Amino acid sequence: MSDTPALRIRPARPADGPALARLDHATWSHLHSVSPRRAPDAAFFDERHLPEDHLVAELGGDVLGYIRLVPPTSLAATAHVRQIQGLAVADEARGRGVGRALVRAAVEETRRVGARRITLRVLGHNTPARKLYASEGFEVEGVLPEEMFLAGEYVDDVLMGRRV
């Protein structure tokens, strides 16, 4: 029997805010973010980003990643859809299945709440994320060419989705 702790995916708690803010700051890059880099001590949760909108990957008490899963709009017409609006994995945990576990947990949570679809937007140049999503059944449903201008380059905004 191994004493190695197992990766655990759980709902975020308000107390996770500081750890998630540090993670968000440490992993920020124009590879995946269109927003400016926030300070490591900036509030992670706010009126638009609540703890209950996040799943956290934890190993031995350390937060290694998160995924934000929300309804895409406040309209009743889109109540059957959930949208991934953020995914981050600590550098030291990359390549260890943390991102995949978070995506799978988001799909399962989408099912649990009775939604039928899960969607996301990913930057065209973010090949690792696009490959991860594709390997988990997400398909490209649209491309907004040169929708973003980041770090001196025009970047496509790729819309992906799948049924659950």
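For a chain of 164 residues, a compact globule would be expected to show a radius of gyration near 15 Å, and the value of 16 Å computed for this chain agrees with that expectation. The model is a predicted one. Taken along the principal axes, the C-alpha atoms fill a box of roughly 50 × 40 × 35 Å. Three helices and seven strands make up the secondary structure of the chain. Read from the N terminus, these elements follow the order β-α-β-β-β-α-β-α-β-β.

Several totals describe the chain as a whole. Buried residues make up 41% of the 164 residues. Among contacts with a separation of 6 or more, 62% join residues that lie 24 or more positions apart. The accessible surface of the chain amounts to about 9,300 Å², and carbon and sulfur atoms contribute 52% of this area. The chain carries 22 positive and 22 negative charges, and the mean positions of the two sets are 5 Å apart.

The largest nonpolar core consists of 34 residues, of which Leu20, Ile84, Tyr133 and Phe138 touch the most other members. At least two residues of this core come from each of the helices α1 (17-27), α2 (98-112) and α3 (127-135), and likewise from each of the strands β2 (54-59), β3 (62-70), β4 (81-89), β5 (117-123) and β7 (153-163). The greatest contribution is that of α2, which provides six residues. The surroundings of Ile84 illustrate how separate parts of the sequence meet in this region. When neighbours within four places in sequence are left aside, Ile84 is in contact with Ile67, Arg68 and Leu69, with Ala106, with Ile118, Thr119, Leu120 and Arg121, and with Tyr133 and Phe138. Two of these partners, Tyr133 and Phe138, are themselves among the core residues that touch the most other members.

The segment around the end of α3 contains residues with contrasting accessibility. Ala134 belongs to helix α3. With a relative accessible area of 43%, Ala134 falls between the limits of 20% and 50% and is therefore classed as partly exposed. The C-alpha atoms of Ala134 and Gly161 are 9.3 Å apart in space, although the two residues are separated by 27 positions in sequence. Glu136, by contrast, is located in the loop between α3 and β6. Its relative accessible area is 11%, under the limit of 20%, so Glu136 counts as buried. Not counting residues up to four places away in sequence, Glu136 touches Arg100, Val103, Arg104 and Arg162.

Two further residues are notable for their backbone angles. Most residues other than glycine have a negative phi. Glu146, which is not a glycine, nevertheless has a positive phi of about 50°. Glu146 lies in strand β6, which spans residues 139-150. This residue is exposed, because its relative accessibility of 52% is over the limit of 50%. A positive phi, near 50°, is also found at Ala151, again a residue other than glycine. Ala151 is placed in the loop between β6 and β7. With a relative accessible area of 63%, Ala151 is likewise classed as exposed.

Methods: Residues are numbered from 1 along each chain as its sequence is written. This is a predicted model: local features need pLDDT of at least 70, side-chain atom pairs count only at pLDDT 80 or more; totals for chains, interfaces and linings use all residues. Side-chain values use heavy atoms; hydrogens and water are left out. Helices (H or I, at least four residues) and strands (E, at least two) are DSSP runs, numbered from the N terminus. The radius of gyration is taken over C-alpha atoms; the globule rule is 2.2 Å times the number of residues to the power 0.38. Buried means under 20% relative accessible area, exposed over 50%, partly exposed in between (1.4 Å probe, protein chains only). Contact means heavy atoms within 4.5 Å. Accessible areas come from the Shrake-Rupley method with a 1.4 Å probe; for residues, only the protein chains shown count as cover. Lys and Arg count as positive and Asp and Glu as negative; His and the chain ends are not counted. The place of a charge is taken as NZ of Lys, CZ of Arg, CG of Asp or CD of Glu. A nonpolar core is a set of buried Ala, Val, Leu, Ile, Met, Phe, Trp, Tyr and Cys residues joined through side-chain atoms within 4.5 Å.
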